[in-house]
Amino acid sequence: MKLLVTGGAGFIGSALVRRLIRTTSHQVVNLDALTYAGNLESLEEAFDDPRHVFVQVDLNDREAVRTVFRDHDPDGVLHLAAESHVDRSIDGPGAFIQTNIGGTFHLLTAALEHWQGLSESRQHRFRFLHVSTDEVYGSLGPTGYFDETTPYAPNSPYSASKAASDFLVRAWHHTYGLPTLITHCSNNYGPRQYPEKLIPLMIRHALAGKPLPVYGQGANVRDWLYVDDHVRALIEVFERGRVGGVYDIGGKNEKTNLEVVRAICGLLDELRPDSPFRPHERLIEFVADRPGHDLRYAINPARIEAELGWTPLETFETGLRKTVQWYLDHTEWVERVAKGLERSQRLGLGVIR
Ligand code: NAD
């Protein structure tokens with residue numbers, strides 16, 4: 001099959017493209033605008049294979065998106081392109097509305113037009129997988145779990161824009177018959193994540209002896225999933241999920257932010273015994289909380305486990321160790337990407353106020 005992956009130069013998208021090329025016989029057309037968050041370096045292995053083709057296209061460019069469908073004639077879509085950083089959505093929600101809602105609308109419109117023109121057998125096989133987040137469900141109290149029946153209650157501009165895009169996908173299925181699937185995943189971590197996100201940010205700061213900024217008292221709870229486990233789940237859902245279905249994906253690894261930062265510090269103490277900043281925990285600094293910060297997210301992944309037999313392969317301990325080791329082995333990558341990020345933040349790129 002020829003698959004169109006959007007956002008394939010981002011953190012999760014690039015892991016997905018690398019896995020598709022490594023473990024399947026599918027061809028991949030990788031559509032990405034290369035915003036501040038896109039990085040072609042993450043795709044080096046995939047570029048060695050002629051089954052991977054990259055097209056630099058912005059989802060907000062409706063005609064360019066239609067042209068990709070016409071030129072490449074895909075058998076399915078895995079849609080990951082999005083503005084993805086909650087703090088940026090608070091500073092500048094415009095880009096989130098444009099890309100996550102408007103861009104998804106353009107992609108759905110082009111996908112539907114394409115799907116309607118396919119032969120019956122290709123129509124039957126076609127799938128549109130929309131990759132969403134557990135943040136659309138809002139915040140949990142100290143107990144309970146999100147599952148596919150939880151009502152939507154998004155609290156940040158990011159989660160509101162993702163919720164809106166989920167509803168568009170749902171409507172394109174119910175109204176026009178487009179064979180869609182939606183996944184909601186918990187927080188991902190792993191190699192090649194941009195240094196603005198919690199885990200890589202903390203590793204980078206700790207290595208430089210800089211303060212480790214923790215929001216509030218660090219009590220917010222997230223459910224953490226190693227990125228390769230998420231990507232394995234996406235391929236399972238795409239290939240075997242029920243059309244029109246929704247699947248929640250989680251690692252059953254609930255941790256407070258403070259526990260995560262402490263675990264990183266502990267690993268750095270062990271893996272960097274000569275560091276002048278040991279014990280790294282003393283670098284932790286509590287800072288003013290994020291506005292509207294959701295207290296707790298946790299997923300019950302019973303449906304994907306029962307229907308598709310998916311379970312994570314990494315525990316938080318094994319996944320975090322691999323992640324920290326990767327960042328220690330790739331400090332030049334981190335510094336290069338972080339400098340690009342800082343430049344883009346200074347110029348306000350990716351943020352429309
Ligand atoms: P990311 O920010 O690392 O990557 C996003 C990619 O989308 C980048 O390569 C960027 O260049 C591209 N992009 C942005 N705007 C675009 C546009 N207008 N047109 C084309 N490409 C554009 O994000 P990520 O962490 O890899 O997340 C991927 C998807 O998974 C997102 O839809 C996100 O909502 C979802 N998700 C992420 C997490 C997480 O923890 N990171 C958890 C659950 C769901």
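Helices (H or I, at least four residues) and strands (E, at least two) are DSSP runs, numbered from the N terminus. Residues are numbered from 1 along each chain as its sequence is written. The model is predicted: local features need pLDDT of at least 70, side-chain atom pairs count only at pLDDT 80 or more, and totals for chains, interfaces and linings use all residues.

**View 1. The span of residues 4-323.** Helix makes up 43% of residues 4-323, and strand makes up 17%. The C-alpha atoms at the two ends of this span are 28 Å apart.

**View 2. An open sheet of seven strands.** The strands follow the order E3-E2-E1-E4-E5-E6-E10, and their pairing is parallel; two strands pair if DSSP finds at least two bridges between them. Strand E3 (52-56) and strand E10 (246-249) stand at the edges. Each of these two has a single partner strand, so one side of E3 and one side of E10 is left without a neighbour in the sheet. Neighbouring strands of this sheet are turned against each other by 20 degrees on average, direction ignored (axes are lines fitted to C-alpha atoms, for helices over the stretch in contact; angles run from 0 to 180 degrees between N-to-C directions).

**View 3. Strands E1 and E2 side by side.** Within the seven-stranded order, E2 stands next to E1. Five bridges join strand E1 (residues 2-6) to strand E2 (residues 27-32), and the two pair in the parallel sense. Which residue of E2 is the bridge partner of leucine 3? That partner is valine 28.

**View 4. An open sheet of three strands.** Here the order is E7-E9-E11, and the pairing is mixed. E7 and strand E11 (254-256) are the edge strands, each pairing on one side only. On average, neighbouring strands of this sheet are turned by 50 degrees against each other, direction ignored. E7 and strand E9 (residues 221-226) run parallel and are joined by three bridges. In this view, asparagine 187 stands opposite tryptophan 224 of E9.

**View 5. The shell around the ligand.** The ligand is surrounded by 29 residues, each with its C-beta atom, placed from the backbone, within 6 Å of the molecule. Gly7, Gly10, Ala33, Gly38 and Ala82 are the closest. Helix H1 (11-23), helix H5, strand E5 (127-133) and strand E7 (187-189) each give two or more residues to this shell. The largest share, three residues, comes from H1.

**View 6. Helix H3 beside helix H5.** The axes of H3 (residues 62-72) and H5 (residues 94-116) come within 9 Å and cross at roughly 35 degrees. H3 brings Arg62, Val65, Arg66 and Phe69 to the contact, where two residues are in contact if their C-beta atoms, placed from the backbone, lie within 7 Å. From H5 come His106, Leu107, Ala110, Ala111, Glu113 and His114.

**View 7. Two backbone features in loops.** Most residues other than glycine have a negative phi, and most peptide bonds are trans. Leucine 34 is not a glycine, yet has a positive phi of about 55 degrees. This leucine 34 lies in the loop between E2 and helix H2 (44-47). Arginine 278 and proline 279 are joined by a cis peptide bond, with omega about -15 degrees. The loop that holds proline 279 is the one between helix H10 (257-271) and strand E12 (284-287).
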